[in-house]
Each structure stands twice: as C-alpha cells, then as structure tokens.
Amino acid sequence: MRQLNKTAMSTDVKKELWVHMDLRNRKFFGFSLNVLAKTRELAGSTAGETVAVLLGSSGSQPVGGDPGESPELIPVGEAGAECTKYGADRVLILDNQLLAVPRPDFFANALAPFVAEHNPMLVIFTLTDFGRETAARSARIINSGLISECADVSIEKGNVVADCPAWSGDFMGRITFLGAPRTGFLTMQPHAGRAVRVNGRPGLIERFSVDVPDTYKGLRLLSSSPGDMEAQRLENAQTVVVGGAGMGTIENFALVRELATAMGAELGATRPPVLEHWIEEERLIGQTGKSVRPKLLFSIGTSGAVQYAAGVMEAKTIVAVNRDSSAPIFQIADIGIVADAKVLLPHLITRVRQATMRKLTDDLYSAKDHLDTAKDFGAKVRELRESHNWTIEALSEATGQSPDFMEKVEAGSVTPPVAFLLRFAKALKIDPETFLRREEKALIRSLREQAFMKRTRDYSYQTLSPGVESRHLRAFMVTIEARKIHKPVAYKHEGEEFIFVMEGELKLSLGNKDHRLKAGESIHFNSDTPHKLKSMSSETTRCLVVLFTP
Ligand SMILES: Cc1cc2nc3c(=O)[nH]c(=O)nc-3n(C[C@H](O)[C@H](O)[C@H](O)COP(=O)(O)OP(=O)(O)OC[C@H]3O[C@@H](n4cnc5c(N)ncnc54)[C@H](O)[C@@H]3O)c2cc1C
C-alpha cells in the first residue's frame, strides 16, 4: 500500500466536510445522499462547506478490457448534478479511466493524495463494505485517524465527536480524534440522515484528472455481474417478515416462517437467529446483511438494534411485535404490537390465511366476469404456490386438477371452478367455513352436484344416487366409448372406490400397475392412488363405480 510521508499533509485543515458519494447503484447513491444531508447539518454548525466527492471515469471505455462495468453504475456527471440539488456546496469529480470500475484499492490510491493536498476537516464514507474498505485504505495511506460506524456526529469545542454503537448496540461510544488538527476519516450509517432536496444556489462542480497508482499489479478483476434474481428476491420483495432472537427456539422461529408463507412474503432474520442456525445467512438483514425496501415489513421479536434498523429503514410500513413496550424497535415502527409473539403468531397466521382465501375467492368471481383479471388471479395462485414451495404437480394433486389445467390457471387463460377453492383452502390448512359466505357454500354444493352428470366425446357418467351427490357414498354409471380413455385421473381422490364392469372390457391403470377386467369382474381399491380407465373392447365399456369419500 502506498504511504505518504506524514509531512506531506499540512496541519492547516480547511472547514470543509467531504462526503464520498457511492455511485455503484441507486441504492448506494441514496445512502450517500442521506449521509450528505447529515453532513450538511454538521457543516452548518461549523460554518463550513459540504463537499461531495465523486470518483469515476467520464471516458466511455474502462481501461483493461471490460471487467464488468455495472449497468447500474451512475455516471459521474449525472450524479454530480444531483448532489448539488441535495445540498452539496461543491462537487469534486476525480476522473481517471481506472476508476470506471469501483475498486477500493484504486479509489483509495486516487483519493488519499488528493485529500492530503486539500486538507478537508473530515472525509465521510457511507457505512457499506465498499465504504468501510475504501475509508480504511485511504486513512492508512495518509496516516490519518478513522472513526467507524458512526450513528451521529457533532462538533464540540472545535473537535469532531462521533457517537458509535458498540457491543452489538448495547453501548454507545463517544469517539474523537487526538493530536493536532488534521483530516479525519469517518464511516457513517446509511440512515444517519435523510436525503432532502435543497433549493437555492446550485453548487459548483469541479473536475480533476487524477493519477491512480496501480500498486496491486498482481490483481486483475476478470469479470463481475449482478447476483441472480433469485438471490435478490429478499431485497426486491414487497412484503418481508423478519424474525429475531425473541422467538427463542428454532421451533418458535418456524411460526415466523409460517407467517411469511401465509402472506406470500420473503423471510428475513436478525443476526441471532442466523448465528443459532435457525435460518441461512443469506437472510440476514441489516448493516452486515441485506437492505430491504418492502411496502410492508413485519419485525417480530427484534429489539431494533441500530445495525438491524439500518437494513429496514426503507420499508414503507413497519409492523413490530415485541413483548417489551420500551423496545427501541417501536421507535421506528409505524404500528407496534406489544405481545408475546409465540401467542400472537398462531392467531395472526390463521387470520392472514383466511383473509388471503377470501381475497382469492373475490378475485376468482371477478376473473370469471372480467377475463382480463384472470391473469391477476392466476398470478396470485402462483405466488401462493411458490411461497409454499410447491411444484405445479403438488398443487394439482392437492386440488384435484391436472397439472396442465393448473398451468393454464396460473397463466390466466382459464379460471378454475369455484369448488377448486375448497381443495386449495384445504391444502393451505384453512377451514373453508371461515372464509366462504353462505351463498358461496350453497353454490359450490350445487356445482359439485352438477359435476356428477357429465358427457364428453369419449365417455359419460351418470349419478345413480341423485340427491346425495355431496354425501360420502355415491354411485355412478360410467360409459366409455370403444377403445377410448376416460379422462385421466392422474390426481388423487380421497377414499375408497369400487368398480364393477357390466359390459365390455376395462383396463384400470392403478399407480404403476395395470388391471384388466372383463364383464362381471370387479375391483376395490384405495382411490388415493392415481388411476386411469380405458375401454379395451370394440364396443363401449360400461361400469358401475361406487365411491366412498370420508
Ligand atoms: C458491527 C456489527 C454489525 C452488526 N450487524 C448486524 C446486522 O446486519 N443485522 C443484525 O440483525 N444485527 C447486527 N448486529 C447485531 C445487533 O447489534 C443486534 O445484536 C441484533 O440485531 C439483535 O437481534 P435481535 O433484535 O433479534 O435480538 P435482541 O436484541 O436480543 O432482541 C430480542 C427482542 O425480542 C423481544 N422478545 C423476547 N421474547 C419475546 C416474545 N416471546 N415475544 C415478543 N418479543 C420478544 C425482546 O424484548 C427483545 O427486544 C451487528 C452488530 C455489530 C457489532
């Protein structure tokens, strides 16, 4: 690492507060604008200047091939103009082709000598992995002090004093720089301030062509690309449910998981559940984990430590559940529920499931009347299926529809019968009594009855027990045309089935086994086994089918 001689820095510091602006993507840039806002407050108390510092390349071609310049990278010119609207008195753009790709080593090598030359009072970085590393490298190069992870900063008797959480947020440290006044470095939490547009005199933008000593000749970035969308599902989710240490055990944590599934939400966690291996590390939310920005976030059994809060501040609505009414999480929550999560969650899960099914029922009616909304209905079915980690086959089996049909439902090209909701609800462990209206139950019953009299091109069946179609024991006469197949029943019925062949010859495929039955022969089987009927004779085959469902 390149080190400057201590004497290279003058002790004559200017009343300038520099903020390094992170241009890697909109999210990080937004964090930097927050820090810029906080810095502006500080500059007010010192009558100093707020200066945004941007590193990048204004040229089109990054040097050294294409090491994966991110399409999300914000061009320096555009970002500079934005900084002036958010309160930067001046904007300094440090330009070099090597800075086209954000690398902490290059950035520090470019920034440190520039800082040494200009002697600002402070250089502030947003607390991200990139900011932390670049700040540490820069400070080291010019032998300056670095205060890490500040939640707040102020000037007291001319000295910088930073408030930094320590011991997992249980203590707040107050830290200052020692020695003669010289540039200090600082990393600040991304939500220490709130970005605000500032009207008035637009800030000045200055460009500097800088050297970037490549001190790491042995290193070359070969490629970089954004993580796959699957991995980013948590960050992009509209609804997130986070569980914390307050859940106590892995078994109780399963309730948080269940709530997330019922809501079709992504699951997240604070650090303790990750350390306890209740959940994988990719689900960690916070300063060292992921930042989420859902419309709705449930935070359950979490205290609201600053390191966690940093990852959820962008959530539109936060609902917190904690049994301690003085827990800090209630300070950032929009809705606070003081309750024991282990008692509350089972009730909440049931209510959410009922509400989900009620909404789905309404959507189904609407989809039947307005075909354009069938796509929305299908999307909701898919969302629920995916949140339960079911394959389309598993859903078909649970709802008694063919996989083909279910695919069409999800694509919005058909709407299922209303009775489908009964089986779907059952699969989701929801009692239909709790979400269906009385007239809907009656309608489903009558639809179910109608469904027992059917005629297709290849087969027909007729109920032999009229009036009791919705009861447990039913009988049908099934007539299958010569050499034709009865609609494959590749899904399960619950209960028992009895088939007596009256005319012709029947092939019954039961699971992996085929049975051939001639007129006068019968079979009794568990109708839970997938089965298929085919007429094997040159005449129609007629069978008496008796079905018992529990
Ligand atoms: C450098 C650093 C980085 C860190 N990064 C992160 C990070 O990225 N993400 C992160 O999460 N943490 C991070 N931490 C740890 C962080 O400081 C906290 O320790 C952590 O967030 C606490 O998690 P928690 O809220 O689940 O647990 P706790 O702080 O133990 O809180 C548990 C809460 O549950 C409540 N509770 C208990 N029982 C019940 C019940 N039955 N029903 C309802 N409520 C109940 C309690 O009242 C309490 O408020 C970091 C720490 C450091 C030092």
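These are my notebook entries on a predicted model of a single chain with a ligand.

**Entry 1: the chain as a whole**

I began with the overall counts, and found 15 helices and 24 strands in the chain. Of its 550 residues, 38% count as buried. I then looked at how far apart in sequence the contacting residues lie: among contacts with a separation of 6 or more, 68% are between residues 24 or more positions apart.

**Entry 2: the parallel sheet**

I next traced an open sheet of five strands, whose order is 12-11-13-14-15 and whose pairing is parallel. Strand 12 (266–269) and strand 15 (335–338) are at its edges, and each has a single partner strand, so one side of each is left without a neighbour in the sheet. From one strand to the next, the twist averages 15°.

At one end of this order I followed the pairing of strand 14 with strand 15, which run parallel and are joined by four bridges. There I noted that V319 has I335, in strand 15, as its bridge partner.

I also looked for a helix against this sheet, and recorded that helix 6 (residues 250–263) lies across strand 11 (239–243), strand 12 and strand 13 (296–300), with a direction at about 175° to strand 11.

**Entry 3: the surroundings of the ligand**

Which residues are closest to the ligand? I listed G244, G246, T270, G286 and S303 as the closest, out of 28 residues that surround the ligand. The elements that give two or more residues to this shell are helix 7 (271–275), helix 8 (306–309), strand 14 (317–322) and helix 10 (341–369). Strand 14 therefore appears twice in my notes, once as a member of the five-stranded sheet and once as a contributor to the shell around the ligand. When I sorted the shell by class, I had nine nonpolar, 14 polar and five charged residues.

**Entry 4: the antiparallel sheet**

Further along the chain I traced an open sheet of three strands in the order 21-20-23, where the pairing is antiparallel. Its edge strands are strand 21 (513–518) and strand 23 (531–535), each of which pairs on one side only. Here the twist averages 20° from one strand to the next.

I took the two pairings of strand 20 (residues 505–510) in turn. With strand 21, strand 20 pairs in the antiparallel sense over six bridges, and L506 stands opposite L517 of strand 21. These two strands form a hairpin with two residues between them, and in the turn G511 has a positive phi of about 60°. With strand 23, strand 20 also runs antiparallel, and five bridges join the two; in this pairing S509 has K532, in strand 23, as its bridge partner.

**Entry 5: helix 12 against helix 13**

How do helix 12 and helix 13 cross? I recorded that the axes of helix 12 (residues 392–399) and helix 13 (residues 403–411) come within 9 Å and cross at roughly 105°. The two helices are therefore roughly perpendicular to each other, since crossing angles of 65 to 115 degrees are counted that way. On the side of helix 12 the contact is made by I392, E393, L395 and S396, which meet P403, M406 and E407 in helix 13. The residues of this contact divide into four nonpolar, one polar and two charged.

**Entry 6: residues in loops**

I checked for backbone angles to look at by eye, and noted two residues. N143 has a positive phi of about 55° although it is not a glycine, and its place is in the loop between helix 4 (129–141) and strand 5 (146–150). R483, likewise a residue other than glycine, has a positive phi near 55°, and R483 lies in the loop between strand 18 (473–480) and strand 19 (496–503).

Are these two residues buried, partly exposed or exposed? N143 is partly exposed, with 15 other C-beta atoms within 10 Å, and R483 also counts as partly exposed, with 14 C-beta neighbours inside 10 Å.

Last, I looked up D214, which is found in the loop between strand 10 (204–209) and helix 5 (233–236). D214 is partly exposed, with 15 other C-beta atoms within 10 Å. The C-alpha atoms of D214 and D105 are separated by 8.3 Å, although the two residues are 109 residues apart along the chain.

Definitions and conventions. Residues numbered from 1 in each chain as written. Predicted model: local features only at pLDDT ≥ 70, side-chain atom pairs only at ≥ 80, totals over all residues. Axes fitted to C-alpha atoms, helices over the stretch in contact; angles between N-to-C directions. Parallel < 35°, antiparallel > 145°, perpendicular 65-115°, else oblique. Contact = placed C-beta atoms within 7 Å. Nonpolar A, V, L, I, M, F, W, Y, C, P; charged D, E, K, R; others polar. Near = placed C-beta within 6 Å. Buried ≥ 20, exposed ≤ 12 C-beta atoms within 10 Å, placed from the backbone. Pairing = 2+ DSSP bridges.
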